[in-house]
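Dear colleague,

I am passing on the structure we spoke about, with its sequence, and my notes on it follow below. Please read them with the model open beside you.

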Amino acid sequence: MGGAHFLLVDDEKVFVEALAQRLEARGFTVDCSFSGAEALSQLENNRTIDIVLLDRRMPDLDGVQAMKEIKKAHPLVEVIILTGHAEIDSAVDAVKHGAFDYLEKPCGIDQLLLKAQQAFARKTEREEKIREVRMKPYLSPKERDALIAKILEN
């Protein structure tokens, strides 16, 4: 999973900074954000982010709302929701609207890295499939868009 670029989003600054240090020590690129709105802005300005680790409960824009906005604007970015407040309904809602997974805080670094590795693999696979579709000269733009939309749904 070398080369994965994380964006950590949580209003708990100490948690974000500690997790960032742990990920950077393992060789990952990490950016930090302390609100949903700030995360959306960072994603607009940095197209190299692969995985967003997003807190479920934040004061300005909750994690599920932020995730929906992220997936709308950046459908290939994988989002893992982190929460200290595990709620089955919000977990189902998050996954239904595009979250890769949903983890309860505190989660072990190994569990987090496993989920991140799976998310990065999915992102890489989808990017490759989209590249293949775009290289097919015989497809009309409408057919190409339909195939890409289907890739993004899965």
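In this predicted model, helix 5 and helix 6 are roughly antiparallel to each other, because the angle between them, about 170°, is over 145. Their axes lie 10 Å apart, and the contact is made by R126, K129, I130, V133 and R134 on the side of helix 5, and by R144, L147, I148, I151, L152 and E153 on the side of helix 6. Sorted by class, this contact comprises six nonpolar and five charged residues, with no polar ones.

The largest pocket has a volume of about 230 Å³, and its lining includes R126, L152 and E153, residues that also take part in the contact of the two helices. Helix 3 (63-73), helix 5 and helix 6 are the elements that give two or more residues to this lining, which divides into four nonpolar, three polar and five charged residues.

The second largest pocket, with a volume of about 150 Å³, is lined by F15, A18, L19, R22, L82, K105, P106, C107, I109 and L112. Helix 1 (13-25) and helix 5 each give two or more residues to it, and helix 1 gives the most, with four; by class, the lining has eight nonpolar, no polar and two charged residues.

Two of the residues in that lining, K105 and P106, are joined by a cis peptide bond with an omega of about -5°, and P106 lies in the loop between strand 5 (101-104) and helix 5 (109-134).

With best regards

Conventions. Residues numbered from 1 in each chain as written. Predicted model: local features only at pLDDT ≥ 70, side-chain atom pairs only at ≥ 80, totals over all residues. Heavy atoms only, no water. Axes fitted to C-alpha atoms, helices over the stretch in contact; angles between N-to-C directions. Parallel < 35°, antiparallel > 145°, perpendicular 65-115°, else oblique. Contact = heavy atoms within 4.5 Å. Nonpolar A, V, L, I, M, F, W, Y, C, P; charged D, E, K, R; others polar. 1 Å grid on protein atoms, 1.4 Å probe; cavity = no way out; pocket = protein on both sides within 12 Å on 5 of 7 lines; lining within 4 Å. Points joined across faces, edges and corners; volume = space filled by probe spheres on them.
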